[in-house]
Amino acid sequence: MWFHSPNFLVFFVLLLIPFYLFKNKRIALLAAADVLFYAASGFGMLLLFLLMSVVNYAIIRAMKYEKWRWMFWLGIGINVFNLAFFKYSVFLLNSLEAATGFDIGFKETLAAQIVLPVGISFYTFEFISYLIDVRRGITEPTRSFLSYWVYVSLFPHLIAGPIMRGDELFPQLDALKDKNIRWPEVKYGLYIFAIGLIKKIAFADQLAPIANSLFAEAETLTPVQSWIAAYAFCFQIYFDFSAYSDMAIGLGYILGIKLVQNFDSPYISSNPSEFWRRWHITLSRWIRDYIYIGLGGNRRGPVRTQFNLLAAMLISGLWHGAMWTFVLWGGIHGMLLILHKWSLALNRWSWIARLRKSVPYRIAAVAVFFHVITWTWVFFRAQSLEEAFGLSRKMLHADWLSLLRAPEMIWVAALFVLHLFEYVIRRYEAQSSKIWHFVPFPVRSCAYVAIALVLTYLVKGATYEFIYFQF
């Protein structure tokens, strides 16, 4: 169910009535709602998800006994195998066939039979993180399977995150039976949900046909058109994915649960390290805490640190999809992070350190890095390495004066200004709210009605599935 569909609205309202009336039944109600929500994706997928939840819960309970601590590795292996089988089997067979030249006969049959379970990448990461946190002693294993099921399947963030940790969600679930959900929380949740809804319907879904049509003709695009295609997808994926995260966080507030922020205006980043602190924040910290640090982090010298960075980002790329374009996308970001680390050595000269803190440098760095990020999205969106390299060559040889004169640059600039505006509004929410409430109530009411009418009109057109549903 899509968050902006009538079916979901009915589902959510029917949940809220008993959820608010019967506080001591909230976990049971959420557990049942999660089952119903995920069942909409397919009964077979639900059975697999429930089975994996039972297996992981049993392993976690067994790990508290010293003689069963080894089951941690069994749990890691089962989760990795489950994800690899459904997501990477055909990719691995294709790669093996290409490397050896041997024709694997059953590959087509396997590809036809495997259906990628919805949200498998996200719930697998939650399974693994909880296993690791229990092993590290960061969190105590829950005694309630019902609570564990709600932790891994909580429907607002189930399909595309944010990726939650056990120590972030379990205390909130334990407190739900006594929590009084107040109107300011609900009102704020509705506000955040509305922002996500606007991003999805008014921006992401309007950019989708532009990006799709341009990438569909990748071979014939001019250098300027190649940049326009990259810009369109750059903003589409941001509005689409951050819309889902905002809507999930908004739903969480309405349910009395605070989900972790997942985006913080990433396109105003001036370097790759800052970008990954702002883009898909919960995935970035997952990769950092469970892969990068697990490999040794920066504790084993500069060469090993760079290897760990590159390995972590390659895994991040592969997590996004079973294609070499995703692996290369992750590798490019890994190299960007390494180059940025090398560049920090220049700060030994005080004048360079001062320059980097200046406003003009910040503006120039953001402008340059935004275009670097825009280019990297080509590898994320392209259907093949050949297509990605072809577009990259065209973009490299583009005439910048012709690009700046292109009529499409008006909406590109407008979208970036809107991105800056979102940053200011979200950074100074309290002050923004006060300013908005200085506006006379009739004017504010007219604005709300106008937004509702525009969204109603737009939702009648073509709608698109959230991009991250495929991961």
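These entries record what I looked up about a pocket, a cavity and one helix in a predicted model.

I kept to the model's limits: local features need pLDDT of at least 70 and side-chain atom pairs count only at pLDDT 80 or more, while totals for chains, interfaces and linings use all residues. Residues are numbered from 1 along each chain as its sequence is written, and side-chain values use heavy atoms, with hydrogens and water left out.

Entry one, the pocket. I looked up the largest pocket (an open set of points on a 1 Å grid over the protein atoms alone, with protein on both sides within 12 Å along at least five of seven lines), and found about 1800 Å³ of space in it. Its lining (residues with an atom within 4 Å of a point) comprises 43 residues, with Leu190, Tyr191, Ala194, Ile195 and Ile198 nearest the centre. Helix 10 (183-216) is among the elements giving two or more residues, and with 13 residues helix 10 gives the most.

Entry two, the cavity. I found one cavity (points where a 1.4 Å probe fits but cannot get out) of 30 Å³ or more; the largest cavity has a volume of about 40 Å³. Helix 6 supplies the largest share of its lining, three residues.

Entry three, helix 17. I checked the length of helix 17 (residues 359-381): at 1.5 Å a residue its 23 residues should span 33 Å, and the end C-alpha atoms are 33 Å apart, which agrees. The expected span is 1.5 Å times one less than the number of residues. At the start of helix 17, I noted that a side-chain oxygen of serine 358 comes within 3.4 Å of the backbone nitrogen of tyrosine 361.

Methods. Grid points are joined across faces, edges and corners, and a volume is the space filled by probe spheres set on the points. Helices (H or I, at least four residues) and strands (E, at least two) are DSSP runs, numbered from the N terminus. A polar contact is a pair of N or O atoms within 3.5 Å; within protein, one must be able to donate a hydrogen and the other to accept it, and residues adjacent in sequence count only if both atoms are side-chain atoms.
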